[in-house]
Each structure stands twice: as structure tokens, then as C-alpha cells.
Amino acid sequence: MVKAVGYIDGEIDVLENIKVPVLDRGFLYGDSIYEVFRTYEGIPFMYDEHYERLLNSASLIGMTVTHTAAQIRDAVMATLAKSDVNAGEDIYVRYQITRGSGPIDLNPDLSEGNRLIIIVKGVPKWNQSYYTNGVRLAVPVLRRNSVTSLDPNIKGGNYLNNILALAQARESGADDCVMLDANRKVTECSNSNVWFVIGDQIVTPLRGNLIGLTRKTLVNLLEADGVDVLEREIDCEELKNATECFVTSATREVMPVISLALEDRTQVDFAPGGGPETRRAMELYQQMLVNFKRDNAALALF
Ligand SMILES: Cc1ncc(COP(=O)(O)O)c(C=O)c1O
């Protein structure tokens, strides 16, 4: 089984031995950005797209990324080499760049330089019933950070907004949250994008969320299959008329939603295992992965 291993400043060890200095700005202030990618049969999935998104996060926080995509790949490879990973095991890679250490002072100019941290482990194994039945979502009172305060497209090391919203949803008995913005428009879940079928149309929120790479991939797959996807503003009132709902992320892929509790405690129920459009999305995604593995075997890292 793959061993969880970490990397920090060139040092590689089992994860529990990897320590972040207390003056690291990522630790002190959440002043960091990160990406997570996974492998299928050893092949990194969307490696370049993740690095592009990292650069976008960096530009949104005025950080200069000093590590190239190739340097990060080399560091990931060196980390992987210590993980005892076997061919066929799927791994999860999180790489994070903090603005490094410095004095206890908010001024980012005082940073001593970026720090690269990598975590390699097995991919999370989601509860199988989330796929055969679905996840239960709830809309919490807490609102998603506005695009003009902390843009959700900064994939950064500060997830307090999402953590608090998730905690509220879980307190109400749900598995995850669907956050609204201050104008009661739907944004996203705690760490995945959310989709609905409303009036026979597949819709997903246009703004206020991280543009997930899984979401981008699925929009293309659905459109290539002749299904129109509308990326638009979705008012929370519309959710009462939703007939299907699912979520997407790199580790979840496409996961059906079984129920959605709204703020006024109305509950919208969906078909166990997903309705027809959700199942189509799940199948298209799985088929894409079969082709991806077949066509990219030469790119396997192990
Ligand atoms: C807040 C948030 N939204 C959406 C996503 C989904 O993004 P992706 O499909 O690239 O995994 C994530 C994944 O980490 C996330 O943290």
C-alpha cells in the first residue's frame, strides 16, 4: 500500500516527520496556494492544467511562483520514490507553495522566499454509498467569500470560509454544504463544484466559485455528447425546482446528490444514484478516463 510521504524544502520523509516552520506565512496567515492532482494507473491527470491554475492563484495574490512545472514534477517524482507505491495504485498529490518564512508581520514583502511542500498519499476512498445513493447537501447560513474580497479562484491555504460552512451543514445532518453568496446566488460546495438539472437544462453556477478542472472537463464531455450546459447565475429559490443535482471534483469525479436541505428547511429529494442526466455525466466521465488511460500509458510516473 502507498505510504504517505512529504516533501519540504528538498527534505523527503514519511509524512508525520515533515514539519512546517512556525514562522511560515502559510501556517501563520494562510498565505499560500496549492493544487491537488491524482493519477490513474500512474498517469498524472491534468498535470499542466493544475500548474496553470496554480499560476492563476499566484497572480491573484501577487505571488511570483519560482518553481517551474518541471521542477515541481521532479520534486513529486522524488517524493513518490519514497512512498512504496505499486503500479496500479492511484495516488493523490497535493503541492503547496507558501510565501515562506519571515517576521510576524503581514507585509508580504518581508517574506524570505517561497517554500514548496508536497504531500503524496493514496487517493481518498469515498464512501461507496455516495455513488450508489448520493451525498446529502444543505445550504448553510454562512455565505461564500465574495469575489471582491477573497476570490474563490484563489486556491489558497485558507479554507476557513469552507470549513465553517461545512460544519454548519454537518450540524444539520448533511454531508456537505452548498454555499450561497450575499445575493443568495448558488456558488459551490465546500470543496467541489455543484450542478443541477432545472427545467430539463443542466446548469452550474457561473461565478463565485473555483473553476474546477473536473467541471471544465465535464462541460466539454457533455457538449461533445450533444448536451448543452448553461453556466449561469442560479438563484437559491430555483433550487426548489431542481430535479437532479451532482457534484464534481478531482477526487470525487462525478458524485450524485440524494437530497438538498434549503435554508427554510424545505428538502428537495433526488433519485438514488442520480437521475438520467447525472448518470450520463458519470458514464461520460468514466468513459473519458478509460480513453485517457489507454492513450497516455507512456506518461505513467511509476
Ligand atoms: C472550493 C473548491 N471548489 C471546487 C473544487 C473542484 O475543483 P477540481 O475539479 O479542480 O478538483 C475544489 C477542489 O479542490 C475546491 O476546493
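**Two domains, helix faces and paired strands**

Tutor: In this predicted model, 21 residues of domain 1 are in contact with eleven residues of domain 2. The elements giving two or more residues to the side of domain 1 that touches domain 2 are β3, α2 and β5 (91-98), and β3 provides the largest share, eight residues. Sorted by class, that side of domain 1 has nine nonpolar, eight polar and four charged residues.

Student: What are the bounds of domain 1 and domain 2, and how many Å apart do their C-alpha centres lie?

Tutor: The domain assignment of the protein gives 5-122 for domain 1 and 129-290 for domain 2, and the C-alpha centres of the two lie 27 Å apart.

Student: What makes the length of helix α2 close to the expected one?

Tutor: Helix α2, residues 47-60, has 14 residues, and at 1.5 Å a residue a span of 20 Å is expected; from its first C-alpha to its last the helix reaches 20 Å, so the two values are close. Just after α2, G62 takes a positive phi of about 65°.

Student: Which residues of α2 are buried, and how do you know whether they line one face of the helix or several?

Tutor: The buried residues of α2 are H50, Y51, R53, L54, S57 and A58. Seen down the axis of α2, these buried residues fall within an arc of 160°, and therefore they line one face of the helix. They pack against β3 (32-40), α3 (69-80) and α6 (213-224).

Student: Why are β2 and β4 said to stand at the edges of their sheet?

Tutor: The sheet is an open one of six strands in the order β2-β1-β6-β5-β3-β4, with antiparallel pairing. Each of β2 (11-14) and β4 (43-44) has a single partner strand, so one side of each is left without a neighbour in the sheet. Elsewhere in the order, β5 pairs with strand β6 (residues 115-122) in the antiparallel sense over eight bridges, and T98 stands opposite R115 in β6.

Student: Why is strand β8 called largely enclosed?

Tutor: Five of the five residues of β8, residues 176-180, are buried, and so the strand is largely enclosed by the rest of the structure. Both faces are covered, with D176, V178 and L180 buried on one side and C177 and M179 buried on the other. Strand β7 (residues 135-138) is joined to β8 by two bridges, and the two run parallel; within this pair, C177 in β8 is the bridge partner of A138.

Student: What makes strand β10 largely enclosed, and which strands are its partners?

Tutor: For β10, residues 193-198, five of the six residues are buried, so this strand is largely enclosed by the rest of the structure. Six bridges join β10 to strand β13 (residues 242-249), the two running antiparallel, and the bridge partner of I198 in β13 is A242. With strand β11 (residues 201-205), β10 pairs in the antiparallel sense over three bridges, where F196 stands opposite V203 in β11. The hairpin of β10 and β11 has two residues between the strands, and in it G199 takes a positive phi near 60°.

Student: How do you know whether the span of helix α7 agrees with the expected one, and where do its buried residues lie around the axis?

Tutor: The 20 residues of α7 should span 28 Å at 1.5 Å a residue, and its end C-alpha atoms are 28 Å apart, which agrees. In α7, E277, T278 and A281 are buried; seen down the axis, the buried residues fall within an arc of 105°, so they line one face of the helix. They pack against β10, β11, α6, β13 and β14 (253-261), while on the other side of α7 the exposed residues are P276, Q286, Q287, V290, N291 and R294.

Student: Why is R294 called exposed, and why does R280 count as partly exposed?

Tutor: A residue is exposed if 12 or fewer other C-beta atoms lie within 10 Å of its own and buried if there are 20 or more, with partly exposed in between. R294 has 9 C-beta neighbours inside 10 Å and therefore counts as exposed, whereas R280 has 17 and so counts as partly exposed. R294 has its place in helix α7 (residues 276-295), and R280 is found in α7 too. The C-alpha atoms of R294 and E41 are separated by 9.9 Å although these residues are 253 residues apart along the chain; those of R280 and V227, 53 residues apart along the chain, are separated by 10.0 Å.

Notes: Residues numbered from 1 in each chain as written. Predicted model: local features only at pLDDT ≥ 70, side-chain atom pairs only at ≥ 80, totals over all residues. Helix = DSSP H or I, 4+ residues; strand = E, 2+ residues; numbered from the N terminus. Arc of directions from axis to C-beta. Contact = placed C-beta atoms within 7 Å. Domains from an automatic or database assignment. Nonpolar A, V, L, I, M, F, W, Y, C, P; charged D, E, K, R; others polar. Pairing = 2+ DSSP bridges.
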